[in-house]
Amino acid sequence: MALTVLNPATEEPIAELQQAGVEETDAAVARAREAFPAWRSVAPADRARLLRRLATLVEEHGEQLAQIESQNVGKPIAGARGEVGMVAQVFHFYAGAVDKHFGETIPVAGGIAATFREALGVVGLITPWNFPLNIASWKLGPALACGNTVVLKPAELTPLSALRLGELALDAGIPEGVLNVVVGKGSVVGQRLIEHPDVAKIGFTGSTEVGQKVMQGAAGTIKRVTLELGGKSANVIFADADLERAAAAAPYSVFDNAGQDCCARSRILVERSAYDRFVGLLIESTRGVKVGDPRDGSTEMGPLISAAHRKTVASFVEGEPLFRGDAPDGKGFWFPCTLVEATNEDRVARDEVFGPVAAIIPFEGEAEAVRIANDTPYGLSGSIWTRDGAKALRVARAVESGVLSVNSNSSVRVSTPFGGFKQSGFGRELGMHALEGYSEVKSVFISTEG
Ligand code: NAD
């Protein structure tokens, strides 16, 4: 079945692809299975060299990859360039990690026990459309570094950068069959990967709803699963914060990638004594977000991914919002930056909007800030703004969330663990922690008795 890939900024088709079915998925799994013994046996320094070469090729083709990503997702080109830069860093990091992920020797009676980190085998990677190449690299880097072979299923809406990465992997000298990209429907290709007896693990990023299906499907073969799911993160602004800095940064922590970001700080919690002043500053900084043509290097926000998604996002804005920014008319799935005053019980504060709509919620004191921040089924990300260091630490320890930032909205880095609490998923990506999700610990006892 043919798949037409659109540019969300123009609604023009940019590619026509054949979608894989169950048969093609099985063939990709068989190729990955055949390639596994040799890939697992590649000497660590050689596997590192191949990943390093892939990182260098991503750098050398950075502009091309950024253009593909910008056109396919509608991302501003400046942001797409930054994301591709991170992809290269991810492969550099995991090239360096190959020979630093090792076992232990444990003193036991009658000998020693040694642990080994064994590759899992064939892993299935299922990725979403919001950061297609970035999120693919967060899984591919540790999966390949640990000696696994991979079948990667990108989102149907945004398969183009993953296909190009597959070609670059071959150019880098990574053997045929080690990285297989299969384009097709989640309900067909994704589902088959989840159920396939020769797939040892599913690394999934996407919605909590599909994450539940991944867990259910994986139960049949006791597959390993790591899940990076939705979020509804809080940006907590205390009255003693540098309000100008917090307000200047807040729009980018929710409207970046047009709000289609699992880490979006889409609930802005503001201490009541600073509420009016902060909200005034926030409106001004939101007015400054430059929305428009993703090809323009100064654009900060592009369109949403699809017409259907725009309809969903629009359903969250009932009545007249506190502030609505500008967005282009005509072709493209545009939606303006929108600020809404809310309580934490409102739908806009409970459900993941995944669009440029922020809910502003007042609170009274530290205990209430923590209570509201935690009053959500999600637990992915969040920020705390205060000049009181002890309070920042107390709140950071109390918020049920996998990644947090203090006096900053930046909490995703190549070398630090990323992942969720509660219904935002489990398992960690990035940093050395990600290697745990792509290897199995084996303990071997060696007798020292005559
Ligand atoms: P989605 O869950 O609809 O799809 C994600 C992937 O799963 C796609 O490749 C899709 O084809 C596939 N899929 C769909 N149905 C499937 C099925 N039945 N079986 C197997 N695979 C299936 O999510 P999306 O709309 O592409 O992305 C948006 C969601 O992703 C948001 O909820 C967002 O929060 C989440 N997300 C999370 C993170 C994170 O790291 N926590 C990062 C980015 C996006």
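1. Start with the ligand: it sits in the largest pocket. Keep in mind that this is a predicted model. There are 28 residues around the ligand, and the closest are Thr127, Glu156, Ser207, Leu229 and Glu352.

2. On polar contacts, the side chain of Glu156 puts an N or O atom 2.6 Å from a ligand oxygen. Two glycines join in through their backbones: Gly186 has an N or O atom 3.2 Å from a ligand nitrogen, and Gly206 has a polar atom 3.3 Å from a ligand oxygen. Taken alone, the ligand has 850 Å² of accessible area, and the protein covers 89% of that.

3. As for who builds the shell, helix H7 (186-195), strand E8 (199-205) and helix H8 (208-219) each put in at least two residues. H7 gives the most, with four. By class, the shell splits into 14 nonpolar, nine polar and five charged residues.

4. Now the enclosed spaces. I'd look at the three cavities of 30 Å³ or more. The largest holds about 90 Å³ and has 18 lining residues, with Ser233, Ala234, Ala373, Ser381 and Val399 nearest its centre. Strands E10 (234-237) and E15 (382-385) each supply at least two residues of that lining; E15 has the largest share, at three. The lining of this cavity counts eight nonpolar, seven polar and three charged residues.

5. The second largest cavity comes in at about 60 Å³. Its lining includes Gly231, Lys232, Asp261 and Phe354, along with Glu352, and Glu352 is also among the residues closest to the ligand. By class, this lining divides into three nonpolar, four polar and three charged residues.

Technical notes:
Residues numbered from 1 in each chain as written. Predicted model: local features only at pLDDT ≥ 70, side-chain atom pairs only at ≥ 80, totals over all residues. Heavy atoms only, no water. 1 Å grid on protein atoms, 1.4 Å probe; cavity = no way out; pocket = protein on both sides within 12 Å on 5 of 7 lines; lining within 4 Å. Points joined across faces, edges and corners; volume = space filled by probe spheres on them. Nonpolar A, V, L, I, M, F, W, Y, C, P; charged D, E, K, R; others polar. Near = heavy atom within 4 Å. Polar contact = N/O pair within 3.5 Å; in protein donor to acceptor, adjacent residues only side chain to side chain. Areas by Shrake-Rupley, 256 points an atom, 1.4 Å probe, with all protein chains shown as cover. Sits in = over half its atoms within 2 Å of the grid points.
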